[in-house]
Amino acid sequence: MKRRLFATVGVITVLALSACGGTDSENTAGGASAPPSMSASAPMVSASPSMMAGQFGSGCASVPTDPANPGSFEAMAKVPVATAASGNPLLSTLVTAVKKANLVDSLNGAQGVTVFAPTNEAFAKIPKADLDKVLADDAMLKKVLTYHVVTTQLSPDTLAGTHKTLQGDDVTVTGSGTSFTVDGTSMVVCGNVSTANATVYIVDTVLMPKS
C-alpha cells in the first residue's frame with residue numbers, strides 16, 4: 001500500500017509540474033503527451049562560449065565574443081600564439097615586448113608549448129623605470145619572456161607542478177580545477193586558451209626568472 005501511495009503521489013506531482021510549465025494553449029495542443037521527464041526537469045542554463053570550449057577565469061569576460069574579431073577565442077585557435085596574442089586586447093603590452101625581443105617567429109614556430117601571458121595590467125604593476133630598463137635590454141627582455149614559455153603543452157589537468165621553460169629555469173604552478181597560481185604570486189585569470197601551436201594561460205603578474 002505504501003509503495004502504491006508513493007507512486008500515486010509521484011504521478012500527481014509530475015502532472016502538476018507539467019501543467020505549470022506551459023500555457024493553456026500548450027496543454028490543449030498536446031502538452032500532456034510530452035515525456036514527464038522533460039516537463040519536470042530543471043530549467044536548462046545556456047553555457048557561454050568560453051565555458052563550452054573549456055576556458056575559465058574572470059578575465060575571460062574581457063575577451064571579444066565575436067568570432068570575426070581576431071582577439072576572440074575562436075580566432076585565436078586558428079593562428080599561432082604570437083599572432084593570436086596580437087589580436088587580444090588584454091595582451092597588447094606583451095605583444096610589444098615580444099616584437100621588441102624579436103621572438104615573434106620563434107613563438108609562432110614552436111610546437112606544443114604552454115605560454116603564461118601577462119595582461120597589460122600585469123606589466124603596469126612594474127615600476128615604469130624598471131619596465132623601461134627591461135624593454136631597453138634585449139637580452140634581459142628575451143630572458144624574461146622565454147621564462148613565460150613552458151616547453152610542453154599543459155592542459156588544466158596537468159598544469160599543477162614544476163615545468164621547464166624555454167629560458168631554462170623551472171616554473172612552478174599550484175592549484176587545481178579553475179584556480180591556479182604561478183610561482184606563488186601570479187594568478188591565472190583566463191586559462192586554457194587554445195592557439196594553433198600552444199595553450200595559453202593569461203596571468204595577472206609578470207613572472208621573473210630565478211637566474
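**Exercise 1. The cavity**

How much space lies in the largest cavity? Determine also which parts of the chain line the largest cavity.

*Solution.* The model is predicted, and each step below refers to that model.

Step 1. The count of cavities of 30 Å³ or more comes to 1.

Step 2. The space in the largest cavity is about 180 Å³.

Step 3. Its lining consists of 20 residues, and those nearest the centre are Ala85, Leu94, Val98, Leu107 and Val115.

Step 4. Two or more lining residues come from each of the elements α6, α7 (92-100), α8 (104-109), β1 and α11 (138-146). The most is given by β1, with 4 residues.

**Exercise 2. Alanine 84**

State in which helix alanine 84 is found, and decide whether this residue is buried or exposed.

*Solution.* Step 1. Helix α6, which covers residues 81-86, contains alanine 84.

Step 2. The relative accessibility of alanine 84 is 0%. Buried means under 20%, so alanine 84 counts as buried.

Step 3. With neighbours within four places in sequence left aside, the contacts of alanine 84 are Pro70, Met76, Val79 and Thr195.

Step 4. From alanine 84 to asparagine 108 the C-alpha to C-alpha distance is 9.2 Å, and the two residues are 24 apart in sequence.

**Exercise 3. The aromatic pairs**

Classify the aromatic pairs by the angle of their planes, and locate each ring in the chain.

*Solution.* Step 1. A pair of aromatic rings is described by two quantities, the distance of the centres and the angle of the planes. In this model the count is 2 aromatic pairs.

Step 2. For phenylalanine 56 and phenylalanine 180, the ring centres are 6.1 Å apart and the planes stand at 45°. Planes under 30 degrees apart count as stacked and those over 60 as edge-to-face; the pair is therefore tilted.

Step 3. Phenylalanine 56 belongs to the loop between α4 (49-53) and α5 (73-76), whereas phenylalanine 180 belongs to strand β5 (residues 179-182); the pair links distant parts of the chain, 124 residues apart. Phenylalanine 56 is buried at a relative accessible area of 9%, and phenylalanine 180 is buried at 1%.

Step 4. For phenylalanine 116 and tyrosine 201, the centres are 6.1 Å apart and the planes stand at 35°, so this pair is tilted.

Step 5. Phenylalanine 116 is in strand β1 (residues 113-118) and tyrosine 201 is in strand β7 (residues 198-203), so the pair ties together parts 85 residues apart in sequence. Phenylalanine 116 is buried at 1% relative accessibility, and tyrosine 201 is buried with a relative accessible area of 0%.

**Exercise 4. The disulfide**

Identify the cysteines joined by a disulfide, and establish which parts of the chain the link ties together.

*Solution.* Step 1. The whole structure holds 1 disulfide. Its partners are cysteine 60 and cysteine 190, with an S to S distance of 2.2 Å.

Step 2. The angle about the S-S bond is 100°, and the link of cysteine 60 and cysteine 190 is right-handed.

Step 3. Cysteine 60 is in the loop between α4 and α5, and cysteine 190 is in strand β6 (residues 186-194), so the pair ties together parts 130 residues apart in sequence. Both cysteine 60 and cysteine 190 are buried.

**Exercise 5. The chain as a whole**

Describe the chain by its secondary structure, burial and contacts.

*Solution.* Step 1. The chain has 12 helices and 7 strands.

Step 2. Of its 211 residues, 37% are buried.

Step 3. Among contacts between residues at least 6 apart in sequence, 61% join residues at least 24 apart.

Step 4. The accessible surface is about 11700 Å², and 62% of this surface belongs to carbon and sulfur atoms.

Technical notes
Residues are numbered from 1 along each chain as its sequence is written. This is a predicted model: local features need pLDDT of at least 70, side-chain atom pairs count only at pLDDT 80 or more; totals for chains, interfaces and linings use all residues. Side-chain values use heavy atoms; hydrogens and water are left out. Rings of Phe, Tyr and Trp (its six-membered ring) pair if their centres lie within 6.5 Å; planes under 30 degrees apart count as stacked, over 60 as edge-to-face and the rest as tilted. Buried means under 20% relative accessible area, exposed over 50%, partly exposed in between (1.4 Å probe, protein chains only). Contact means heavy atoms within 4.5 Å. A disulfide is a pair of cysteine sulfur atoms within 2.5 Å. Accessible areas come from the Shrake-Rupley method with a 1.4 Å probe; for residues, only the protein chains shown count as cover. On a 1 Å grid over the protein atoms alone, a cavity is a set of points where a 1.4 Å probe fits but cannot get out, and a pocket is an open set with protein on both sides within 12 Å along at least five of seven lines; lining residues have an atom within 4 Å of a point. Grid points are joined across faces, edges and corners, and a volume is the space filled by probe spheres set on the points.
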